[in-house]
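Biologist: Could you walk me through this structure slowly? I am new to this, so please take the topics in turn.

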Amino acid sequence: MKIKPRHPEKVNKPINPIKKKPNWIRSKIVDSKIFFETKQIVNQNNLVTVCQEANCPNITECWSKKHATFMIMGDTCTRACAFCDVKTGKPDELDIFEPAKIAKAVKSLKLKHVVITSVDRDDLPDGGSEHFYKVVQSTRNKNPDTSIEVLTPDFLRKGDAYKKILEADLDVFNHNIETVPRLYTKVRPGARYFASLDLLKKAKEFNKKIFTKSGIMVGLGECKEEIIQVMDDLRSANVDFITIGQYLQPSSKHHPLSRYYNPNEFKELEQIAKLKGFLLVSSSPLTRSSYHADEDFKKLQDARNKQLKCQPLQ
Ligand code: SF4
């Protein structure tokens, strides 16, 4: 039997050799017993995780803390972003039992904070918004003390469909801007920079209590001034939390890595972002939008409480 390629749209793309990783990009080796327990719960419940599908370098560390990020609505994405390792193609029907399965897995893993993301479902009239809502509500009902973070697609050309997710009882709304506007046609050809910004802005307007979050990858060919512009744009959309991480090229057919940023450069970007007024900034080579999301949620709450207590100068 002929095996289908994970990325049929990339088969005829030029080969971009993969650059050797520097010594500061190393996955942490940690407690393997808990890692296998997490794996077992994921497999037993037939769940898809972005940790596996996107080949995340942090999987040993995160799963050793029982921190897995669930990817709903299947393992096949209708977009073909040039940076992403998630399979591309025609997705399957939605699984009506998925909301209950996710809720059960969150309970089994005893998660205090869960991140739920999805593939893009441009094939569905609402982009999957209603299904997302059901997953969040089911998770909330079975796990009332767990904070819930969603990392959503852009719902481009789906009208007001995004609002359904925001009607759910969630704590953090995350949508990644991914890269600078100049690189969108190459890196994220199916998306529109200003539509993503608008989604983040509208999410905050819709529910001022939630935290909004967005992330950018560096090493795709952007320059520092462009990253700073993205920070300003995100602040103007009232985004609370920015994550900045190193792009790692998944294969020779993916978008070429321009360079590895060193840890000092990530520190510098963190300082700049803090001065822009984000409530929280996570900037490091291995930062991913769901990396340390549980600890970061507490930091976000503390930062907001501090801000609310802050008295204006007389
Ligand atoms: S950083 Fe996120 S995607 Fe990567 S392993 Fe951790 S939870 Fe999974």
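**The cavity and its surroundings**

Modeller: Let us begin inside: the largest cavity has a lining made up of Arg79, Asp120, Arg121, Asp122, Gly127, Pro153, Asp154, Phe155, Leu156 and Lys158. Please keep in mind throughout that this is a predicted model.

Biologist: OK, and how much space lies in that largest cavity?

Modeller: The space in the largest cavity comes to about 30 Å³, and the structure holds one cavity of 30 Å³ or more.

Biologist: What classes of residue are in the lining of the largest cavity?

Modeller: Six residues of that lining are charged, three are nonpolar and one is polar.

Biologist: Let's switch to pockets. How much space lies in the second largest pocket?

Modeller: The second largest pocket holds about 300 Å³ of space. Its lining is built from 18 residues, and those nearest the centre of the pocket are Ser282, Ser284, Thr287, Tyr291 and His292.

Biologist: Which elements give two or more residues to that lining?

Modeller: Helix 10 (263-276), strand 7 (280-283) and helix 11 (293-309) each do so, and strand 7 supplies the largest share, with four residues. Sorted by class, the lining of this pocket has nine charged, five polar and four nonpolar residues.

Biologist: And the ligand, which residues are around it?

Modeller: Around the ligand you will find Val50, Cys51, Cys56, Asn58, Ile59, Cys62, His67, Thr69, Arg288, Ser290 and Tyr291. Helix 2 (50-53) and helix 3 (59-63) are the elements that give two or more residues to this shell, and by class the shell has six nonpolar, four polar and one charged residues. Tyr291, which is listed around the ligand, is also among the residues nearest the centre of the second largest pocket.

Biologist: Now helices. At what angle do the axes of helix 4 and helix 5 cross?

Modeller: The axes of helix 4 (residues 98-109) and helix 5 (residues 129-142) cross at roughly 35 degrees and come within 8 Å, and the crossing of helix 4 past helix 5 is right-handed. On the side of helix 4 the contact includes Ile102, Ala103 and Val106, while helix 5 brings residues including His131, Val135 and Ser138. The residues of this contact divide into six nonpolar, five charged and three polar.

Biologist: What about helix 8 and helix 9, how do their axes cross?

Modeller: For helix 8 (residues 193-206) and helix 9 (residues 224-236), the axes cross at roughly 40 degrees and come within 9 Å. Tyr193, Leu197, Leu200 and Lys201 of helix 8 make the contact with Val230, Asp233, Leu234 and Ser236 of helix 9, and by class this contact has five nonpolar, two charged and one polar residues.

Conventions: Residues are numbered from 1 along each chain as its sequence is written. This is a predicted model: local features need pLDDT of at least 70, side-chain atom pairs count only at pLDDT 80 or more; totals for chains, interfaces and linings use all residues. Side-chain values use heavy atoms; hydrogens and water are left out. A residue is near a molecule or strand if one of its heavy atoms lies within 4 Å of it. Ala, Val, Leu, Ile, Met, Phe, Trp, Tyr, Cys and Pro count as nonpolar, Asp, Glu, Lys and Arg as charged, and the others, Gly among them, as polar. On a 1 Å grid over the protein atoms alone, a cavity is a set of points where a 1.4 Å probe fits but cannot get out, and a pocket is an open set with protein on both sides within 12 Å along at least five of seven lines; lining residues have an atom within 4 Å of a point. Grid points are joined across faces, edges and corners, and a volume is the space filled by probe spheres set on the points. Axes are lines fitted to C-alpha atoms, for helices over the stretch in contact, and angles run from 0 to 180 degrees between N-to-C directions. A crossing is left-handed if the near helix is turned anticlockwise from the far one by less than a right angle, and right-handed if clockwise. Contact means heavy atoms within 4.5 Å.
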